[in-house]
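Here is a report on how the helices of one chain pack together. Look over the sequence and the coordinates first.

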Amino acid sequence: KYPFGCTEQLVSQGFPALLFGAQDTATESSVRRIVHLLTSRQLPNGSFTSWPRMKDSDPDISLHAAQYL
């Protein structure tokens, strides 16, 4: 489904749970994991990177991640 784990794929994977509500503890746990991963990719200026430990952000990825959060 989402094999790479980049920020865009994390958000795309997590949106259904946000839109339809967490139905069980596994789904809720997944949402918490995605939020944790996204916040770890946030730079001091508030933007987001596509991958962990990157120094440059992407405006489209940042918008996508901020919308999820």
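The report covers helix packing, then the faces of one helix, then three single residues.

**Helix packing**

The model is predicted, not experimental. Two packed helices are described by the angle between their axes and the distance between the axes. Two such pairs are described here, and both involve α1.

Start with α1 and α3. Helix α1 spans residues 7-20, and helix α3 spans residues 59-68. Their axes lie 10 Å apart, at an angle of about 25°. That angle is under 35 degrees, so α1 is roughly parallel to α3. The crossing of the pair is left-handed. On the α1 side, the contact uses Thr 7, Glu 8, Val 11, Ser 12, Gly 14, Phe 15 and Leu 18. On the α3 side, the partners are Ile 61, His 64, Ala 65, Gln 67 and Tyr 68. By type, the residues of this contact split into six nonpolar, five polar and one charged.

Now take α1 with α2. Their axes come within 10 Å and cross at roughly 145°. This crossing, too, is left-handed. From α1 come Thr 7, Leu 10, Val 11, Gln 13, Gly 14, Ala 17 and Leu 18. They meet Thr 27, Val 31, Arg 33, Ile 34, Leu 37 and Leu 38 of α2. Here the split is eight nonpolar, four polar and one charged.

Some α1 residues serve in both contacts: Thr 7, Val 11, Gly 14 and Leu 18 touch α3 and also α2.

**The two faces of α3**

Which residues of α3 are buried? They are Ile 61, Ser 62, Ala 65 and Tyr 68. These residues cover an arc of only 125° around the axis, so they sit on the same side of α3. An α-helix has 3.6 residues a turn, so residues three or four places apart point the same way. The buried residues of α3 pack against α1 and α2, the latter being residues 25-40. The face turned away from the buried side carries Pro 59, Asp 60, Leu 63 and Gln 67, which are exposed.

**Single residues**

Three residues are set side by side below.

| Residue | Place | Relative accessibility | Class |
|---|---|---|---|
| Ser 62 | helix α3 | 11% | buried |
| Ser 29 | helix α2 | 44% | partly exposed |
| Arg 53 | loop between α2 and α3 | 79% | exposed |

Ser 62 counts as buried because its 11% falls under the 20% cut-off. What does Ser 62 contact, leaving aside its neighbours within four places in sequence? The contacts are Ser 47, Phe 48 and Ser 57.

Ser 29 is partly exposed, at 44%. Ser 29 and Leu 19 are 10 residues apart in sequence. In space, their C-alpha atoms are 16 Å apart.

Arg 53 is exposed, because its 79% is over the 50% cut-off. Most residues other than glycine have a negative phi. Arg 53 has a positive phi, near 65°, and is not glycine. This residue is in the loop between α2 and α3. The C-alpha atom of Arg 53 is separated by 16 Å from that of Ile 34, 19 residues away along the chain. Ile 34 is one of the α2 residues that meet α1.

Terms used
Residues numbered from 1 in each chain as written. Predicted model: local features only at pLDDT ≥ 70, side-chain atom pairs only at ≥ 80, totals over all residues. Heavy atoms only, no water. Axes fitted to C-alpha atoms, helices over the stretch in contact; angles between N-to-C directions. Helix = DSSP H or I, 4+ residues; strand = E, 2+ residues; numbered from the N terminus. Parallel < 35°, antiparallel > 145°, perpendicular 65-115°, else oblique. Left-handed = near helix turned anticlockwise from the far one by under 90°. Contact = heavy atoms within 4.5 Å. Nonpolar A, V, L, I, M, F, W, Y, C, P; charged D, E, K, R; others polar. Buried < 20%, exposed > 50% of the residue type's maximum accessible area, 1.4 Å probe, protein only. Arc of directions from axis to C-beta.
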